[in-house]
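Please look over the following chain together with its fold, and then read the report below, which moves from single contacts to the arrangement of the sheet and its helices.

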Amino acid sequence: MTTWTITPEPYDSTVAAALWRAYYTEVSDRWYLLHEGHRTDPAELEREIAARTGAELAPPNGELLVARYAGEPAGSAGVRLLAPDTAELTRVFLYEDMRGRGGATPLVRAAEEAARALGAHRMILDTRTDLVEARTLYARLGYAETERHNDDPYAEHWFTKDLISALDPASVPPRPAAAPARSRTARP
């Protein structure tokens, strides 16, 4: 049985660059094909890919994760802190031929764990109406659609998830026992 592995990756690695190019090309082409009937202009594509380096996904305030299937890069997800308790999920992507193999859920779960490790209690994200697969995935994983939380001109749907209440109670370490309450009339 082939398995998925998900590990942190430097945002500026060759693997990260290839995944970013594939992700951006797909989402940009989908938008242009839907709204204007053509693919992204190659010059615009190169400008945007170069302009968005992914540096915000570097520690200590971010993390880029790469999913590998049978050891080969297959997808990515990024997390970045927007506030001490709030992280943003971004760049969730699997190569088209890797979709339907069970990689999306563990990839998003790993991103949630990375956000918790950064101190986040809440994850937010945005997506577009035409990215039906993404919206379906997020809803299935417990993300609730919410009001707009940014000014991204391409965002049409915004989601949030409480990362603390989403934890399995069995995985949360027990709290230390509280000291016995002292009586108001008792003297020390």
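Contact, as the word is used here, means that heavy atoms of two residues lie within 4.5 Å of each other. The model is a predicted one, and a useful place to begin is Tyr138, which, not counting residues up to four places away in sequence, touches Leu89, Val92, Val108, Leu125, Tyr143 and Phe159.

**The nonpolar core**

Tyr138 is also, together with Leu89, Met123 and Tyr143, among the residues that touch the most other members of the largest nonpolar core, a set of 36 residues. Two or more residues are given to this core by each of helix 1, helix 2, strand 2, strand 3, strand 4, helix 3, strand 5 and helix 4 (132-140).

**The sheet and the helices on it**

The strands form an open sheet of 7 with mixed pairing, in the order 1-2-3-4-5-7-6. Strand 1 (4-8) and strand 6 (144-146) each have a single partner strand and stand at the edges, so one side of each is left without a neighbour in the sheet. On average, and with direction ignored, neighbouring strands are turned by 30 degrees against each other. Strand 2 (residues 62-69) and strand 3 (residues 72-83) run antiparallel and are joined by 8 bridges, with Glu63 standing opposite Val79 in strand 3.

Two helices that touch this sheet are set out below, with the angle that each makes with strand 4 (86-94).

| Helix | Strands touched | Angle to strand 4 |
|---|---|---|
| Helix 1 (residues 14-36) | strand 2, strand 3, strand 4 | about 85 degrees |
| Helix 3 (residues 104-117) | strand 1, strand 2, strand 3, strand 4, strand 5 (122-127), strand 7 (157-162) | about 155 degrees |

**The two sides of helix 2**

In helix 2 (residues 42-51), the residues Glu44, Leu45 and Ile49 are buried. Viewed down the helix axis, the buried residues of helix 2 fall within an arc of 130 degrees, and they therefore line one face of the helix. Arg47, Ala50 and Ala51 are exposed on the other side of helix 2, while helix 1 is included in what covers its buried residues.

**A buried lysine**

Lys161 is found in strand 7, and because its relative accessibility is 7%, whereas the cut-off for a buried residue is under 20%, Lys161 counts as buried. A polar atom of the Lys161 side chain lies 2.6 Å from the backbone oxygen of Leu141.

How values were computed:
Residues numbered from 1 in each chain as written. Predicted model: local features only at pLDDT ≥ 70, side-chain atom pairs only at ≥ 80, totals over all residues. Heavy atoms only, no water. Pairing = 2+ DSSP bridges. Helix = DSSP H or I, 4+ residues; strand = E, 2+ residues; numbered from the N terminus. Axes fitted to C-alpha atoms, helices over the stretch in contact; angles between N-to-C directions. Buried < 20%, exposed > 50% of the residue type's maximum accessible area, 1.4 Å probe, protein only. Arc of directions from axis to C-beta. Polar contact = N/O pair within 3.5 Å; in protein donor to acceptor, adjacent residues only side chain to side chain. Core = buried A, V, L, I, M, F, W, Y, C linked by side-chain atoms within 4.5 Å.
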